[in-house]
Amino acid sequence: MATLTNWVEHLTTDVDPATDGIQVAGEIYPMVGTEGWLLLIGIIFWLAWHFATGSGEAEEQSKLAKKSPGPNAHKSNIPEW
Amino acid sequence: MTDGLDALTVIFTEFYYWITVVLMFLIHVGFCMYEVGASRYKHHQHTLMKNTMLIPLVTVTWFFFGWWIYWAFPTGPGIAPSIMTESSGLILGGGFGANDVANPMSSIMAINLNDHINGVFWAAFLLFSWTAASIVSGAIIERITTFAFGILAIAIGSVFWTIDAAWGWHFDGWMVKLLGYHDAYASGVIHAVAGGFALGVLAVLGPRIGKFSSSGEPRNIGPRNPWLVSIGLFLIYTGFWGFYAACNIPIFDLGPEYGMEGVTFYTATNIYITPTTLSGVTMNFLMSLAGGLLAGYWISKGDPFWTYSSGLAGIITASAGNDLYHPIQSMIIASIGVWVAYKMHYWVERKFKIDDAVGAVAVHGYAGVVGLVICGFVLWGYPSSGYGDAYAAINPMGMIIGAVIMFGVLGFLPGWILAKILHASGKLRIPRAVELAGLDYNIMEAAKKDEKAVSSAGR
């Protein structure tokens, strides 16, 4: 999992000798190389959110619409503090 | 970074944008307070959650594709060749291409020791995206479903505003080259496009129940909590400082950039990489705020809601050219924008029965359009770029066409079409009975039961 295990070694290893100065490997996050899979997981999570919350909202509003409490019903719902 | 001066410049720039993001967060806090203050008690919590949830939705989609669109689309594609790749196709490589800096599968879109700028620049643009979506959010309160708003927020926040930014707010954008489009602090690329988008949605969504009498006369559904509204707008002003800062590059050597041999000229620049000073821009920001407030107080006869909104509209009007205007020009331009926006708001409301709950279309859309048009006249003849003859000078016709593209083509039209699709699928508007009872009815009912149980409890 770990992309690097030794900071000193990492910061002194020249990965591109053709370029002036020491060029280190920039990526230091875990599981380098899996970015495509991470993106896929992210997109699935995002789309799933829309489906789950969208259907939940529609169901809740449909129930409330059937109950039809009226424009002033909320006034009896204000808690006394 | 191996050289001390180089490191200082890079780390300063990194920290500069980081701070702009923190400041711009206040815009969103302000928008939330403002919207809740403008909504009625029975809709408060849903209003708050609607605006809040655009934060994660626009953020993740900005990571997935929004940032990529900005870097890929400056050529149109197919309208004007890139100065980097000399092709008019999508810009995918060449150093600043979409796949170089914004591919979500690239290692540069993460912590990378070889890059200190991409992430903070991505974040600064993301906060602009939140602003675009939040402008739309306020106009449509109390009757839209959260699902529909989520789709619309992603559309304006991660697609349409970023296309207009690629076209007109990028050093390689085709609108800058062919039209001489100039919009330093986003009168058009954020405000006009979001205002136009909101108007497109409102035209399909319809007014809140009770907004218009049977004879068509509009009724005032004023802000229910003026304190929240006023503090919210003060916070938006504050966050706007971060917005202005994020529209600049704080330190840049234009000598080598413009190919001037042996010349070193360090300066702050705008987004087009033409020089300005943060010092002068600060004066213009405050003078345009002042012009907006003065005009708003005058025209609305001291109405607090419109006076506060006019301060914002004033800044928005002057923003297109606030990198170059004289402060008194900024003040006058801001006043003109406020006058037009105020008059247009009530004319459109009466004529087309548009219920813009917070005046967002006026403050952002109309004021932004006016700002673009005025900028074309006041800055007529200024170079739109320092990159040579491929760029047209700033001119009135180019700015008028630019305003039409921002407000109409990338704003109103997509908003109207998407709202039509959502309406046709029955997902756009909440049921009538829910609107009458209040979106928070169930939450309040549950709170009442809890309250009763707690108050009658013996232990």
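## Where the chains meet

Let's start with the contact between the two chains: 30 residues of chain A are in contact with 31 residues of chain B. Looking just at the chain A side of that contact, you'll find 13 nonpolar residues, twelve polar ones and five charged ones. Keep in mind as you look around that this is a predicted model.

## A little sheet in chain B

Chain B has an open sheet built from three strands, in the order β1-β2-β3, and the pairing is antiparallel. β1 (249–253) and β3 (275–276) of chain B sit at the edges with a single partner strand each, so each has one side without a neighbour in the sheet.

How many bridges join β1(B) and β2 of chain B? There are three, linking β1(B) in the antiparallel sense to β2, which covers residues 266–269 of chain B. If you want to find a bridge by eye, try Asp253(B), whose bridge partner in β2(B) is Tyr266(B).

## A closer look at Ile144(B)

Now for a single residue. Ile144(B) belongs to the loop between α4 (118–139) and α5 (146–168) of chain B. Is Ile144(B) buried or exposed? With 25 other C-beta atoms within 10 Å, Ile144(B) is buried, because 20 or more is enough to count as buried.

Who are its contacts? Leaving out residues up to four places away in sequence, Ile144(B) touches Phe149(B), Leu205(B), Leu428(B) and Arg429(B). You can also pick out Gly206(B): 62 residues separate Ile144(B) and Gly206(B) in sequence, and in space they are 9.8 Å apart, going C-alpha to C-alpha.

How values were computed
Residues are numbered from 1 along each chain as its sequence is written. Chains are lettered from A and ligands numbered from 1 in the order in which they are written. This is a predicted model: local features need pLDDT of at least 70, side-chain atom pairs count only at pLDDT 80 or more; totals for chains, interfaces and linings use all residues. Two strands pair if DSSP finds at least two bridges between them. Helices (H or I, at least four residues) and strands (E, at least two) are DSSP runs, numbered from the N terminus. Two residues are in contact if their C-beta atoms, placed from the backbone, lie within 7 Å. Ala, Val, Leu, Ile, Met, Phe, Trp, Tyr, Cys and Pro count as nonpolar, Asp, Glu, Lys and Arg as charged, and the others, Gly among them, as polar. A residue is buried if 20 or more other C-beta atoms lie within 10 Å of its own, exposed if 12 or fewer, and partly exposed in between; C-beta atoms are placed from the backbone.
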